[in-house]
Amino acid sequence: MSWKEENNCLKKVFKFKDFSEAFAFMTRVALEAEKMNHHPTWTNTWNTVSIELSTHDAGNKVTDRDRKLAAAIDKLA
């Protein structure tokens with residue numbers, strides 16, 4: 001599944017085998033997001049991680065920063 005642009009956000013849902021794999025993925029994403037100083041809005045329920053990306057200081061719109069983080073997240077999945 002690719003990222004979907006909706007309501008000024010890039011959105012994607014990731015599914016994993018179990019909670020541990022989902023949490024490990026979130027940890028990897030958190031480290032990358034911190035390096036990029038660009039942080040996702042996300043939720044986790046058991047094996048599912050839902051992510052939304054937008055740039056708050058650009059008026060909550062999708063920017064190149066979001067696309068770069070989305071590409072980095074895809075590599076970590």
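In this predicted model, four strands make up an open sheet whose order is 1-2-4-3, with antiparallel pairing. The edges are taken by strand 1 (4-6) and strand 3 (41-45); each has a single partner strand, so one side of each lacks a neighbour in the sheet. From one strand to the next, the twist averages 20 degrees. Strands of a sheet pair through backbone hydrogen bonds, either parallel or antiparallel. Five bridges join strand 3 to strand 4 (residues 48-53) in the antiparallel sense. Opposite Val 49 of strand 4 stands Asn 44.

Two helices contact the sheet strands as follows. Helix 1 (residues 19-36) packs on the sheet and touches strand 2 (9-15), strand 3 and strand 4. The direction of helix 1 makes about 165 degrees with that of strand 3. Helix 2 (residues 64-76) lies across strand 1, strand 2 and strand 4, and runs at about 10 degrees to strand 2.

Side chains of opposite charge can pair when their charged atoms come close. Seven salt bridges are found in a search of the whole structure. The table gives three of them, with the distance from N to O.

| Salt bridge | N to O distance |
|---|---|
| Lys 11 and Glu 6 | 3.1 Å |
| Asp 74 and Lys 12 | 2.7 Å |
| Arg 67 and Asp 64 | 4.0 Å |

The pair of Asp 74 and Lys 12 joins helix 2 to strand 2: Asp 74 lies in the helix and Lys 12 in the strand, so their salt bridge ties together parts that are 62 residues apart in sequence. Asp 74 has 32% relative accessibility and counts as partly exposed. Lys 12 has a relative accessible area of 9%; because buried means under 20%, Lys 12 is classed as buried.

The salt bridge between Arg 67 and Asp 64 stays inside one element. Both residues lie in helix 2, three residues apart, which is about one turn of the helix. Arg 67 is partly exposed at 40% relative accessibility. For Asp 64 the relative accessible area is 53%; this residue is exposed because the class begins over 50%.

Glu 6, the partner of Lys 11 in a salt bridge, is partly exposed, with a relative accessible area of 29%. Glu 6 and Lys 11 also belong to a network of salt bridges that links them with Lys 4 and Glu 52.

Conventions:
Residues numbered from 1 in each chain as written. Predicted model: local features only at pLDDT ≥ 70, side-chain atom pairs only at ≥ 80, totals over all residues. Heavy atoms only, no water. Pairing = 2+ DSSP bridges. Axes fitted to C-alpha atoms, helices over the stretch in contact; angles between N-to-C directions. Contact = heavy atoms within 4.5 Å. Salt bridge = Lys/Arg side-chain N within 4 Å of Asp/Glu carboxyl O. Buried < 20%, exposed > 50% of the residue type's maximum accessible area, 1.4 Å probe, protein only.
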